[in-house]
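Biologist: Shall we go through this one together? I will ask, and you can reason aloud.

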Amino acid sequence: MSGNSIVYISASVYPSVSANSVHVARQAAALSQKNESVELYVCSPLSTEDLLQHLCEHYGSFGKNLRLRRVWLGSVRGATLQIALYSFFCVFFEGLFRRREVKRVYTRNLYAAFLLAILGRKRVAYELHDIEKGFRGGIQKLAVCSSKAHLVAISKALKSVICDIYNVAANKVTVLHDAADIFEDYCSEEESLDLRKELFGAQTDRRFLVGYVGHLYSGRGIDVVAKLAELNPDIGFFVVGGTEKDLIVCKSTFVLPNLKFVGHVSHSRASRYTMVADCLLMPYQKNVSVGAGERDTVRWMSPMKMFEYMGSGTPFISSDLPVLREVLKDNVNCLLVSPDNIEAWNNALQELRRCEQQRFELAQNAFNQLRSEHTWDKRAGAICNVISS
């Protein structure tokens, strides 16, 4: 392994429907384009060959410089314990802590960051998406406060909290918002028409379509989508994503002829749905949970969905939350409205429906900002700078 190489230890278990699995796959792909070698460690029961095929099919291609390292401790039950032991295995049994050729390690894996930081033998960049509590909070504190660790926060708000809680210097924390890819191919007219027909039938080519792509967890605003559908029976609304359990609840709760729940699809196919909509919705509420748990990340989140919407070529309406204003600007790259004000949401939707020129300008501004500031490629370059400094 040369000096221009990175070991990337993920905290993702594949196959997965989680956003972190998309983040890891796309970031690793971008890093592999900028380094002579990237070793990506992931946790998976699939064989290495099947895992690589799965990653390519669901998340896009990888650079030729990527080397995939899979670890699976088959007898271990429970995702938390599996990840903790997998991290220990990577650091010790794979010998990362003692391999002299390994100079740079990048991770968003709490346990790996902790182990490598306390060993103090490697240059480690630890990416934080949340502030941990309890036992995990104690481990995070040790990792964050290590002299060998540089920190990456996904928002300015999270950096502020890290510096405050852990009393670390501001120059030790770099802010790198989440990112998205620039689509190399957009939906053809024929593909777009097929998707629209799939959603609402033969007459849908003349119907205004509004989409939501993402999970259905608490605080994601699915009730806002449903209320808008109820207020606008002539508009077609569709929701892409969600676990089987959440879909069962939503389908039984929100029964409307103009609201369709598509369910979970591959990441690459989900992007096609964002392109066929006339408008997209991002109705995060004032409390937003991560996964099926109760952790609230609304103060410091940097949703990947936001950047994927920006790259879709489709205008969108977003909740007006302080952390989102680090990237979004009202009536420039989107429309911002109060999270729980249905009248404001409906007014914004009607505004976009009426004005095609406004839809075009918002979508174009968002796309240009993504291309210049928020691609995985640009984020990979910033990561390389962080880990080499």
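Biologist: Good to start with a single side chain: is Phe-88 buried, partly exposed or exposed?

Modeller: This is a predicted model, where local features need pLDDT of at least 70, side-chain atom pairs count only at pLDDT 80 or more, and totals for chains, interfaces and linings use all residues. Residues are numbered from 1 along each chain as its sequence is written, and side-chain values use heavy atoms, leaving out hydrogens and water. Buried means under 20% relative accessible area and exposed over 50%, with partly exposed in between (1.4 Å probe, protein chains only). Phe-88 has 39% relative accessibility, so the ring counts as partly exposed.

Biologist: Thanks! Which kind of aromatic pair do Phe-88 and Phe-92 form?

Modeller: Rings of Phe, Tyr and Trp (its six-membered ring) pair if their centres lie within 6.5 Å; planes under 30 degrees apart are stacked, over 60 edge-to-face, and the rest tilted. Phe-88 and Phe-92 sit four residues apart in helix H3 (residues 79-93), so about one helical turn separates them. Their centres are 4.6 Å apart with 40° between the planes, and the pair is tilted.

Biologist: And what is the angle between the planes of Phe-238 and Tyr-273?

Modeller: Happy to say! Phe-238 is in strand E9 (residues 236-240) and Tyr-273 in helix H10, so the pair links distant parts of the chain, 35 residues apart. Phe-238 is buried at 0% relative accessibility, and Tyr-273 is buried at 1%. The ring centres lie 6.0 Å apart, and the pair is tilted because the planes meet at 50°.

Terms used
Helices (H or I, at least four residues) and strands (E, at least two) are DSSP runs, numbered from the N terminus.
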